[in-house]
Each structure stands twice: as C-alpha cells, then as structure tokens.
Amino acid sequence: GRQEEGERAVRRALVIDPGHLQSRIDLGIFLMRDQRVVEGQLLLEEAVRDDPFSSRAWQALGAARRRSGDPQSAGLAFERVLELQPDNSEVMGDLIEVYIATNRESEARDLLETMRRLTKDSQPVLTRRVEDRWPEN
C-alpha cells in the first residue's frame, strides 16, 4: 500500500544521498508506523545527533520512545521540541500525556494552562485526563 510505497521512495532517496536528514527522519517514521519501532528509533536517535535543532526529528523520536514504553525519554524529546518551538500545541498535548504517565502533576497542570492560553481552547479532553489522574480535593 501507500506505506510500503512511501518507504521504498525514501529508501531510494537515501541510496542517492545517504546523509539526507529529512529522508532519514521519514524512514524512521515509516518504520515506527510499520511496528519496527526499535529500528525507527535508532534512525531517529542518529538524526537528532546529526541535527540537534531538528524539531521534527525530536518530535518523531519522542513518539518512538513513547511507543517503545519509555515515557521518561519521550518526555525529554518532547521537552526539546518545545525548546525549539515553544508554541507547538501538538507536542504540548503529547508531553502532558507523558507527564500523566510519569506522575508529574505540577508539570502537567502548568503545561495544560500554557496550552489553554496558547490555543484559546479549554482543552476538555486533556483537562479530563489530568483531573481523572489527580482529582482536586
């Protein structure tokens, strides 16, 4: 299908230019989506070493780490994205989920408030997730 076709195209691009960062990130994402999370994560780890300012690589790495069951490391990757792109509300949501999973209440609540201000949205789904995890007394 489209997944395999996309992966083949990226692999062909990497034959032409093995160091092409965006193609390596794309391949890492394709591998992760194809349940080859460890293989994809290794490519994404290389990508962030080669370009520590690539928010796209950090975001994909965070997703890979989260999928592989390592929320602490996922959180570090998502935090790096927010250093590079402070207004990335998608990553804020991912990071709030990581904070919930790692029992970091104050960080989850603070980031949720920041996200609400940024998006001008009450974020009802994330609010419910935080409130279910840490009910107010």
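Me: Contact means heavy atoms within 4.5 Å. Going by that, which residues is V130 in contact with, leaving aside its neighbours within four places in sequence?

Reply: One thing up front: this is a predicted model. In it, V130 is in contact with I96, I100, A108, R109 and L112, once its neighbours within four places in sequence are left aside.

Me: What makes V130 stand out in the largest nonpolar core?

Reply: The number of other members it touches. This core has 32 residues, and V130 is among those that touch the most other members, along with I25, L95, I96 and L111. Helix 2, helix 3, helix 4, helix 5, helix 6, helix 7 and helix 8 (124-133) each supply at least two residues of this core. Helix 6 gives the largest share, seven residues. Apart from this core lies another one, of six residues, including V10, L14, L31 and L43.

Me: Why would residues like these sit together?

Reply: It fits a general pattern: in soluble globular proteins, nonpolar side chains tend to be buried together.

Me: Let's move to helix 1. How do you know that its length agrees with what a helix should span?

Reply: Take 1.5 Å a residue for the 15 residues of helix 1 (residues 2-16), and the expected span is 21 Å. The end C-alpha atoms are 21 Å apart, so the two values agree.

Me: And which residues of helix 1 are buried?

Reply: Those are G6, E7, V10 and L14. They cover an arc of only 100 degrees around the axis, so they sit on the same side of helix 1. The face turned away from that buried side carries the exposed residues E5, R12, V15 and I16. As for what covers the buried residues, helix 2 (21-33) is part of it.

Me: Why is S55 called buried?

Reply: Buried means under 20% relative accessible area. S55 has 14%, so S55 counts as buried. You'll find S55 in helix 4 (residues 55-67).

Me: What does S55 touch, not counting residues up to four places away in sequence?

Reply: S55 touches V81, L84 and Q85. With Q85 there's also a polar contact, side chain to side chain, at 3.2 Å.

Me: Why is E45 called buried?

Reply: Again the limit is under 20%. E45 comes in at 19%, so E45 is buried. E45 lies in helix 3, and leaving aside neighbours within four places in sequence, E45 is in contact with L61 and R65.

Me: On to salt bridges. How many does the structure hold?

Reply: There are 13.

Me: What makes D50 and R24 a salt bridge?

Reply: The test is a side-chain nitrogen of Lys or Arg within 4 Å of a carboxyl oxygen of Asp or Glu. For D50 and R24, the closest N and O atoms are 2.7 Å apart, so the pair passes the test. D50 lies in helix 3 (residues 37-50) and R24 in helix 2, so the bridge ties together parts that are 26 residues apart in sequence.

Me: Are D50 and R24 buried or exposed?

Reply: One of each! The mark for exposed is over 50%, and D50 has 51%, so D50 counts as exposed. R24 has a relative accessible area of 9%, so R24 is buried.

Me: What about D26 and R56: how do you know that they form a salt bridge?

Reply: Their side chains meet at 2.3 Å, N to O, and the limit is 4 Å. D26 lies in helix 2 and R56 in helix 4, so this pair joins parts that are 30 residues apart in sequence.

Me: Why are D26 and R56 called partly exposed?

Reply: Partly exposed is the range between under 20% and over 50%. D26 has 24%, so D26 is in that range, and R56 has 35%, so R56 is too.

Me: Which parts of the chain does the E79 and R104 pair link?

Reply: The side chains of E79 and R104 meet in a salt bridge at 3.4 Å, N to O. E79 is in helix 5 (residues 71-84), while R104 is in the loop between helix 6 (89-101) and helix 7 (105-119), 25 residues apart. E79 has 22% relative accessibility, so E79 counts as partly exposed. R104 is partly exposed as well, with 22%.

Me: Which residues are linked in a network of salt bridges?

Reply: E105, R109, E131 and E136 are linked that way. R109 has come up already, as one of the residues in contact with V130.

Note on methods
Residues are numbered from 1 along each chain as its sequence is written. This is a predicted model: local features need pLDDT of at least 70, side-chain atom pairs count only at pLDDT 80 or more; totals for chains, interfaces and linings use all residues. Side-chain values use heavy atoms; hydrogens and water are left out. Helices (H or I, at least four residues) and strands (E, at least two) are DSSP runs, numbered from the N terminus. Buried means under 20% relative accessible area, exposed over 50%, partly exposed in between (1.4 Å probe, protein chains only). A polar contact is a pair of N or O atoms within 3.5 Å; within protein, one must be able to donate a hydrogen and the other to accept it, and residues adjacent in sequence count only if both atoms are side-chain atoms. The expected span of a helix is 1.5 Å times one less than its number of residues. The arc is that of the directions from the helix axis to the C-beta atoms. A nonpolar core is a set of buried Ala, Val, Leu, Ile, Met, Phe, Trp, Tyr and Cys residues joined through side-chain atoms within 4.5 Å.
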